[in-house]
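Hi,

Here is the structure I said I'd pass on. Have a look at it first, and then read on for my notes on helix packing, aromatic rings and cysteines.

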Amino acid sequence: MNKSRPYILAEANWQTLKNAQFELAILPWGATEAHNYHLPYATDIYEADFLSAEAAKIAWERGAKPIVLPTIPFGVNTGQSDIYLDININPTTQLAILDDVLTTLNRQGINKLLIFNSHGGNNFKPLVRELGLRFPKMFICFANWFQSMKREEYFTNDGDHAEEMETSLMLYLKPELVLPKTFWGTGSSKKFKIKAFSEGWLWAERKWSAVSEDTGIGDPALASAEKGQKFFDDVCLKMGNLFFDLCKADTEDLYE
Ligand SMILES: [Zn+2]
């Protein structure tokens with residue numbers, strides 16, 4: 001029995017696509033990098049895959065027509081050049097990939113793209129600005145799913161890498177790929193000495209290996225599959241409604 005989901009391009013076939021018409025393309029974007037000692041290198045990719053698929057299902061079942069493209073597996077990891085097999089692709093490479101994807105969508109009349117970002121090092125704002133000039137008929141936007149909810153309502157400890165939130169998600173989504181708790185590092189990290197960094201108005205890239213010993217940032221100790229499931233369900237519902245709204249939005253009439 002064929003089980004291909006109609007909103008997942010990787011599972012689609014030409015038989016169903018030759019007459020299809022989608023309203024919104026979603027491009028999930030991950031990274032391949034160490035996640036503390038205990039989570040897999042593809043953590044951001046798995047998160048992007050599961051979240052975007054479930055959100056697209058919600059939008060589809062409400063009557064929208066989104067299509068999720070295959071996840072881009074590599075992200076910007078310029079600050080982790082000395083961490084074994086963290087694979088960096090540069091922002092200029094991301095610009096080139098997006099330019100090519102947009103060229104296809106633009107030619108074929110899918111004039112909305114949502115970049116579904118799963119990795120903090122990916123910064124799409126300057127790229128979206130530049131691509132907007134190149135593709136005036138395209139509506140291009142991006143969402144960072146990890147910023148879509150108030151984390152403190154779900155998790156005790158904060159952080160931004162392989163922490164309680166990501167560990168909980170992976171315990172729910174891919175428990176067979178998570179090492180036992182005895183291997184979890186504490187995810188403790190150092191901060192810049194100059195105060196303006198923590199006040200948020202000065203930025204420099206963190207040299208990851210100098211900031212965190214186990215590559216994690218944030219203590220995963222209180223993570224659980226139950227917390228992961230609740231967070232996953234709520235992010236998917238919020239994102240699913242966003243996909244629906246973007247599908248139905250009139251790009252000539254966006255403001256009120
Ligand atoms: Zn991650």
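For the packing part, contact means heavy atoms within 4.5 Å. Keep in mind throughout that this is a predicted model.

Let's start with helix H5, which spans residues 164-173. Eight of its 10 residues are buried, so the rest of the structure largely encloses the helix. The buried set consists of Glu164, Met165, Glu166, Thr167, Ser168, Leu169, Met170 and Leu173. And what covers them? The cover includes helix H2 (43-61) and helix H8 (225-248).

Now the rings. The count comes to 11 aromatic pairs. One of them is Phe22 with Trp60, a tilted pair at 6.5 Å centre to centre with 45° between the planes. That pair links distant parts of the chain: Phe22 belongs to the loop between helix H1 (14-17) and strand S1 (24-29), while Trp60 is in helix H2, and the two are 38 residues apart. Phe22 is buried, at 15% relative accessible area, whereas Trp60 counts as partly exposed, at 23%.

Another pair worth pulling up is Trp145 with Phe146, which is edge-to-face, with 5.7 Å between the centres and 80° between the planes. Both of these residues are buried.

Going back to Phe22 and Trp60, ring pairs join them with Tyr7 into a cluster. Trp60 also has a charge over its ring: Lys65 lies over the face, 4.4 Å from the ring centre. A similar arrangement involves Arg62, whose charged end sits over the ring of Phe244, 3.7 Å from its centre.

Last, the cysteines. How many disulfides does a search of the whole structure find? Zero. Take Cys141: its closest cysteine sulfur is in Cys247, and at 11 Å that is too far for a bond, given that a disulfide needs the two sulfur atoms within 2.5 Å. From the other side, Cys247 is in no disulfide either, and its nearest cysteine sulfur is that of Cys141. Cys141 counts as buried, at 15% relative accessibility, and Cys247 is buried too, with a relative accessible area of 4%.

If you open just a few views, I'd go for the buried residues of H5, the cluster of Tyr7, Phe22 and Trp60, and Arg62 over the ring of Phe244.

Cheers

Technical notes:
Residues are numbered from 1 along each chain as its sequence is written. This is a predicted model: local features need pLDDT of at least 70, side-chain atom pairs count only at pLDDT 80 or more; totals for chains, interfaces and linings use all residues. Side-chain values use heavy atoms; hydrogens and water are left out. Buried means under 20% relative accessible area, exposed over 50%, partly exposed in between (1.4 Å probe, protein chains only). Helices (H or I, at least four residues) and strands (E, at least two) are DSSP runs, numbered from the N terminus. Rings of Phe, Tyr and Trp (its six-membered ring) pair if their centres lie within 6.5 Å; planes under 30 degrees apart count as stacked, over 60 as edge-to-face and the rest as tilted. A charge sits over a ring if NZ of Lys or CZ of Arg is within 6 Å of the ring centre and within 35 degrees of the ring normal.
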